[in-house]
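Me: Before accepting the descriptive terms used for this model, I should like each one set against its criterion. Please show the structure, and then let us proceed term by term.

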Amino acid sequence: MTTINTDVNTELISSGVACSHAFRDAVNEAGIVAITDVQGRILEVNDNFCRISGYTREELIGQNHRILRSTEHSTEFFRDMYRTIAQGMTWHGEICNQAKDGTLYWVDTTIVPMHNKQGKLEGYLALRIDISEQKWLVEHLEKVAHHDPLTGLPNRTSIMNSIQNAINRKSGNHFALLFIDVDRFKFINDSLGHDLGDKLLQEISHRLRNAVRGSDPIQAARLGGDEFVVLLEKLSSPQDATLVANRLIETFSQPYDLNGHTIYCKVSIGIVTSEHLSQTASEMISSADLAMYEAKAAKTGSPIVYDHVLRDKAQKRLYIENELQDVISRDELTLYYQPIVELESGALKGVEALIRWFHPESGLIVPDEFIPVAEEMGLIIPIGNFVIDEACRQLGEWRKSLGEHAPANLHLNVSRKQLEHPTLVAVVEQAIQKHAIPPGCLHLEVTESIIMYDSQTSIQTLNQLNNLGVHLDVDDFGTGYSSLSCLCDFPIDILKLDREFIKKSKRSREVMLIQALIILADQLGLEVIAEGIETPEQLKLLRKLGCRYGQGYLFSKPLSAEDLELSILNTKWTSPELSSV
């Protein structure tokens, strides 16, 4: 027979009772406790329950627990919860309840079924822990992670998720993405300061938010800098995206009043629709971005819709960008020369050097395709330096081999970035000295728009070139916005009449304008060269109007150095046939 040590047993029982009380006290102190019957009527609550809910114990006892239900959860959420506990199983999860004053609070909840001695379900014990602060913190971090801090709009991460979801749904509904870029924002930001630039972005965001407010299928976001996107879903047709874009353009074009400054600011918008469905959000943004750049370049104030032509153009541009990297070292650039002639005699006056790119696989790539790309990539400086050096080298060779029959003058085009670059004067001076050509033989051609872009820098650089003895031509004269001003302010020697004047010379108004420009140049002591002469009638008219020099396909297309030298040796430029035209 086993003897029971009653003293030890009594100690264990006393210890267990003490632990039980301690556990209960701990639960009451830290937890939110409620007991309900099987129908959900509240039978008992502790003080923490009353404090967080805002109800007194008397207000709660006898009420159904649904008195605390918020709208944060779906009917299916509660159906699943009740199904679990009705089967006698414990349920655990996070619930958002609504307090008496309407505020919401989150609780981590464990609901345990309570059975009587016969095993029958009699009610439920619910133990909750307040996790509201943790939920608000997570929500704040989520907002920070998915919203732009300056404007409060969704950020790139957020809109990328939304775009990808729209792509993945494949519901058959039309949707579109607008890519918005603020025109001249960098200029505004640099001129008026970054604080005002930020205020402008905030005002643009405010207008954008108002424009899409109340439209669930429309989401706006800031990608960064001055770039925004708008995701349009559930469109009746893809064309609706253009209507929305035009409304936004009108909205953004209204003046902004910022700290006493009235600012006029326009946007460029590119559109990609679900008709050109992308596989990823990044691809869709890239397509809309391409269309935006096309809209910006067009300068029409209208949105551009992405299509396969744009895609092919972008792929070609990328190809050109890659191939341009080492184009000089691969010796693929060469110069062609178009003769400039004296219109009365047909004698060769000079040549204009024109760059050509002969790619080993793609053949001839024309300047209009690669020069703008080179300017954007910053490669126009080394390419421009190559042109200056190579053209001067060729003229130096002609002067040695052809003597008095060599072209008297060499005309070179200079881009805006070259004119702004601090090494231009030194590069020109070095080429002149290196190839032993008189400075007066060299003519640098700049358009009036280029020299007026930054007139202070331009006039300083042009004066330095003029001091070297280099001549300066205004190319495409009459197409810019400050023609007369540039004639007065800059050391100009020659005006080159734009080919559009010559092309339209059958109309009396253009004839009068050409005559006025020739007279003006004569009064100012400037020479005139007419560009784009293609017919005998144009030549006859220009002679009659007193224009002394010209160039164009009537005389010759641009020639390689070898072919031009052959034409000079064959005395083409003093032929009686040309002088009698």
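**Terms and their criteria**

Me: Why is E321 called partly exposed?
Reply: E321 has a relative accessible area of 21%. Buried means under 20%, exposed means over 50%, and partly exposed lies in between, with a 1.4 Å probe and protein chains only. The value for E321 falls in between, so E321 is partly exposed. This is a predicted model, in which local features need pLDDT of at least 70 and side-chain atom pairs count only at pLDDT 80 or more, while totals for chains, interfaces and linings use all residues. Residues are numbered from 1 along each chain as its sequence is written, and side-chain values use heavy atoms, with hydrogens and water left out.

Me: What makes the contact of E321 and R317 a salt bridge?
Reply: The term requires a side-chain nitrogen of Lys or Arg within 4 Å of a carboxyl oxygen of Asp or Glu. In this pair, the N to O distance is 3.0 Å, so the criterion is met. Side chains of opposite charge can pair when their charged atoms come close. R317 is also partly exposed, at 28% relative accessibility.

Me: How do you know that E321 and R317 are separated by about one helical turn?
Reply: They are four residues apart in helix α11, residues 308-324. Helices are DSSP runs of H or I with at least four residues, strands are runs of E with at least two, and both are numbered from the N terminus.

Me: What makes E76 and R79 a salt bridge?
Reply: Their side chains meet at 2.5 Å, N to O, so the pair satisfies the criterion already given. E76 and R79 are three residues apart in helix α4, and therefore separated by about one helical turn. E76 is partly exposed at 38%, as is R79 at 42%.

Me: How do you know that D80 forms a salt bridge with R83?
Reply: The closest N and O atoms of D80 and R83 are 2.7 Å apart, so this pair qualifies too. D80 and R83 are three residues apart in helix α4, about one helical turn. At 34% relative accessibility D80 is partly exposed, and R83 is partly exposed at 40%.

Me: How many salt bridges does the structure hold?
Reply: The structure holds 28 salt bridges. A network of them links E352, E445, K496 and E531.

Me: Why does L517 count as buried?
Reply: The relative accessibility of L517 is 11%, which is under the limit for burial, so L517 is buried. L517 lies in helix α20, residues 508-523.

Me: Why does S458 count as buried?
Reply: S458 has 4% relative accessibility, so the term buried applies. S458 belongs to helix α17, residues 455-468.

Me: Why is N259 called exposed?
Reply: N259 has a relative accessible area of 58%, so N259 passes the limit for exposure. N259 is in the loop between β9 (256-258) and β10 (261-263). Its phi is near 50°, a positive value in a residue other than glycine.

Me: Why is K299 called exposed?
Reply: At 73% relative accessible area, K299 meets the criterion for exposed, and so earns the term. K299 lies in the loop between α10 (281-298) and β12 (304-305). K299 has a positive phi of about 55° although it is not a glycine.

Me: What makes the nonpolar surface patch?
Reply: V112, M114 and L125 make a patch of about 190 Å². Nonpolar patches join side chains of Val, Leu, Ile, Met, Phe, Trp or Tyr within 5 Å, from residues with over 30% relative accessible area and no salt bridge. Areas come from the Shrake-Rupley method with a 1.4 Å probe. V112, in strand β4, has 33%, so V112 passes the area limit.

Me: Which element gives the most to the lining of the second largest pocket?
Reply: Helix α4 does, with five residues. A pocket is an open set of points on a 1 Å grid over the protein atoms alone, with protein on both sides within 12 Å along at least five of seven lines, and lining residues have an atom within 4 Å of a point.

Key: Patches are made of residues with over 30% relative accessible area and no salt bridge: like charges are joined within 9 Å, nonpolar side chains (Val, Leu, Ile, Met, Phe, Trp, Tyr) within 5 Å.
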